[in-house]
Amino acid sequence: MIAFYDKPLLKFERLLETYLAFAPRGFKSFSMAIPVWLREKLFLKDLLLAELAKLGADKKSLASRMVFSEHHLSHAASAFSRRRSRKPWC
């Protein structure tokens, strides 16, 4: 499995809600952030698969094994994993 630390669609939804709450004051920030989201971040799975394919990975087999986690759950999993392996924090 390949796990990514965030869910792009969930984060995009939160961004839209935040920009809407601060409209029109946040329009400048919104107008700079949204094009990047529409070009890249919403399609993060495709970008990750393409980059892994450059390293020789099989895109078709990886696509079904890729998961996206909620951001704070990723922090919790990382803390649990480090605790169990007793690795120092980097």
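**Pocket lining.** I looked up which residues line the largest pocket in this predicted model. The lining consists of Phe 4, Tyr 5, Asp 6, Lys 7, Pro 8, Lys 11, Trp 37, Lys 41 and Leu 44. Sorted by class, I get 5 nonpolar residues and 4 charged ones, with no polar residue in the lining. For the volume of the largest pocket I noted about 160 Å³.

Two helices contribute to this list. Helix H1 runs over residues 8–21, and Pro 8 and Lys 11 are among the lining residues. Helix H2 covers residues 27–39, and Trp 37 is one of the lining residues.

**Secondary structure.** I then went through the elements of the protein and found 5 helices and 2 strands. Their order along the sequence is β-α-α-α-α-β-α. How does the radius of gyration of the protein stand against the globule rule? It is 17 Å, well over the 12 Å that the rule gives for 90 residues, so the protein is more spread out than a compact globule.

**Dimensions and surface.** Along the principal axes, I recorded a span of about 50 × 35 × 20 Å for the C-alpha trace. Buried residues account for 16% of the 90 residues. The exposed area of the protein is about 7300 Å², of which carbon and sulfur atoms supply 64%.

I also checked how far along the sequence the contacts reach. Counting contacts between residues at least 6 apart in sequence, 57% join residues at least 24 apart.

**Phe 27.** I picked this residue in helix H2, which spans residues 27–39. Is Phe 27 buried or exposed? Its relative accessibility is 55%, and the cut-off for exposed is over 50%, so Phe 27 counts as exposed. I also took a distance from Phe 27 to Glu 70, which is 43 residues away along the chain. Their C-alpha atoms are separated by 27 Å.

**Ala 21.** My next entry is a residue of helix H1, residues 8–21. Ala 21 has a relative accessible area of 57% and is exposed, because the cut-off is over 50%. How many Å separate the C-alpha atoms of Ala 21 and Ala 33? I noted 16 Å for this pair, which lies 12 residues apart along the chain. Ala 33 falls within the residue range 27–39 of helix H2, so this distance runs from helix H1 to helix H2.

Methods. Residues are numbered from 1 along each chain as its sequence is written. This is a predicted model: local features need pLDDT of at least 70, side-chain atom pairs count only at pLDDT 80 or more; totals for chains, interfaces and linings use all residues. Side-chain values use heavy atoms; hydrogens and water are left out. On a 1 Å grid over the protein atoms alone, a cavity is a set of points where a 1.4 Å probe fits but cannot get out, and a pocket is an open set with protein on both sides within 12 Å along at least five of seven lines; lining residues have an atom within 4 Å of a point. Grid points are joined across faces, edges and corners, and a volume is the space filled by probe spheres set on the points. Ala, Val, Leu, Ile, Met, Phe, Trp, Tyr, Cys and Pro count as nonpolar, Asp, Glu, Lys and Arg as charged, and the others, Gly among them, as polar. Helices (H or I, at least four residues) and strands (E, at least two) are DSSP runs, numbered from the N terminus. The radius of gyration is taken over C-alpha atoms; the globule rule is 2.2 Å times the number of residues to the power 0.38. Buried means under 20% relative accessible area, exposed over 50%, partly exposed in between (1.4 Å probe, protein chains only). Contact means heavy atoms within 4.5 Å. Accessible areas come from the Shrake-Rupley method with a 1.4 Å probe; for residues, only the protein chains shown count as cover.
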